[in-house]
Amino acid sequence: MLPVELSHAVWRLIEGQSLRYRCWDEEAVLYNDLSGATHLLGPAALCVLEALRPGPASMAALASRLLDEFEIDDASVGAELHVLLDEMSQLSLIESCPC
C-alpha cells in the first residue's frame, strides 16, 4: 500500500520523447532524443516508461503495474517506486504532472 501523500502523485513522460531503446538480457540502453543522452536502464524503469507511454499515470497505477510484472514486496513497492521515479526525473525522462 502506498503512503497517502504518494498515492495521488501523477507522472508523465517529458513531452516529445520517442523512447527508442534496445534490450539485452536484463538491461536496456535508451536514447533520449530530446537531450541526446543515452541511459542504461533496468527492467523496472522500462516497465514504468512503457506504462507512461499512453499518457499520465498515478503512482498507485504504476505501483500496480510493477507488482503485476515483478516479484516485489507489497510493503516496499511505494518506496522503491519513489526512488525510481526520482532517478528517471533527474534523467529528464519523466516529470510530475499537475493533473
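These are my notebook entries on the sheets, helices and a few single residues of this structure.

**Entry 1: what I have**

I am working from a predicted model. I started with the strands, then went on to the helices and ended with single residues.

**Entry 2: the S2-S3-S4 sheet**

I looked up the strand order here and found an open sheet of three strands, S2-S3-S4, with antiparallel pairing. Which strands stand at the edges? They are S2 (20–24) and S4 (38–41), and each has a single partner strand, so one side of each has no neighbour in the sheet. From one strand to the next, the twist averages 20°.

Next I checked the pairing of S3 with S4. S3 covers residues 27–31 and pairs with S4 in the antiparallel sense, over four bridges. I picked out tyrosine 31, and its bridge partner in S4 is threonine 38.

Then I asked what packs on this sheet, and I found helix H2, residues 43–52. H2 touches S2, S3 and S4, and its direction makes about 115° with that of S4.

**Entry 3: histidine 39**

I stayed with S4, because I wanted one of its residues in detail, and histidine 39 lies in that strand. Is histidine 39 buried or exposed? Its relative accessibility is 12%, and buried means under 20%, so histidine 39 counts as buried. I listed its contacts, leaving aside neighbours within four places in sequence: Ala28, Val29, Leu30, Asn32, Leu91 and Leu93.

**Entry 4: the S5-S1-S6 sheet**

I found another open sheet of three strands, in the order S5-S1-S6, and the pairing is antiparallel here. The edge strands are S5 (57–58) and S6, each with a single partner, so each has one side without a neighbour in the sheet. S1 and S6 pair over four bridges in the antiparallel sense. For valine 10, I traced the bridge partner in S6 to cysteine 97.

I also looked at glutamate 95, which lies in strand S6. Its relative accessible area is 28%, which makes glutamate 95 partly exposed. Not counting neighbours within four places in sequence, glutamate 95 is in contact with Val10, Trp11, Arg12, Leu13 and Ile14. I also noted a C-alpha separation of 8.5 Å between glutamate 95 and leucine 85, which are ten residues apart along the chain.

**Entry 5: H2 against H3**

Back to H2, now with its helix partner. How do H2 and H3 pack? The angle between H2 and H3 (residues 59–69) is about 130°, and their axes are 10 Å apart. That makes the two helices oblique to each other. I noted the crossing of H2 past H3 as right-handed.

I wrote down who meets whom. From H2 there are Ala44, Cys47, Val48, Glu50, Ala51 and Leu52, and from H3 there are Leu62, Arg65, Leu66 and Glu69. Sorted by class, this contact has seven nonpolar, three charged and no polar residues.

How many residues of H2 are buried? I get seven of the ten, so H2 is largely enclosed by the rest of the structure. The buried ones are Ala45, Leu46, Cys47, Val48, Leu49, Ala51 and Leu52.

**Entry 6: leucine 62**

I followed up one residue of that helix contact. Leucine 62 sits in helix H3, and it is buried, with a relative accessible area of 1%. I listed what it touches beyond four places in sequence: Trp11, Val48, Ala51, Leu52, Ala57, Leu81 and Leu85. Leucine 62 and cysteine 47 are 15 residues apart in sequence, with 8.7 Å from C-alpha to C-alpha.

**Entry 7: positive phi**

My last lookup was the backbone. Most residues other than glycine have a negative phi, so I made a note of positive values.

Leucine 19 has a phi near 55°, which is positive in a residue other than glycine. Its place is in the loop between S1 (10–13) and S2. With 6% relative accessibility, leucine 19 counts as buried.

Serine 92 also has a positive phi, about 60°, although it is not a glycine. Serine 92 is in the loop between helix H4 (77–90) and strand S6 (94–97). How accessible is serine 92? I noted 40% relative accessibility, so serine 92 counts as partly exposed.

Technical notes: Residues are numbered from 1 along each chain as its sequence is written. This is a predicted model: local features need pLDDT of at least 70, side-chain atom pairs count only at pLDDT 80 or more; totals for chains, interfaces and linings use all residues. Side-chain values use heavy atoms; hydrogens and water are left out. Two strands pair if DSSP finds at least two bridges between them. Axes are lines fitted to C-alpha atoms, for helices over the stretch in contact, and angles run from 0 to 180 degrees between N-to-C directions. Contact means heavy atoms within 4.5 Å. Angles under 35 degrees count as roughly parallel, over 145 as roughly antiparallel, 65 to 115 as roughly perpendicular and the rest as oblique. A crossing is left-handed if the near helix is turned anticlockwise from the far one by less than a right angle, and right-handed if clockwise. Ala, Val, Leu, Ile, Met, Phe, Trp, Tyr, Cys and Pro count as nonpolar, Asp, Glu, Lys and Arg as charged, and the others, Gly among them, as polar. Buried means under 20% relative accessible area, exposed over 50%, partly exposed in between (1.4 Å probe, protein chains only).
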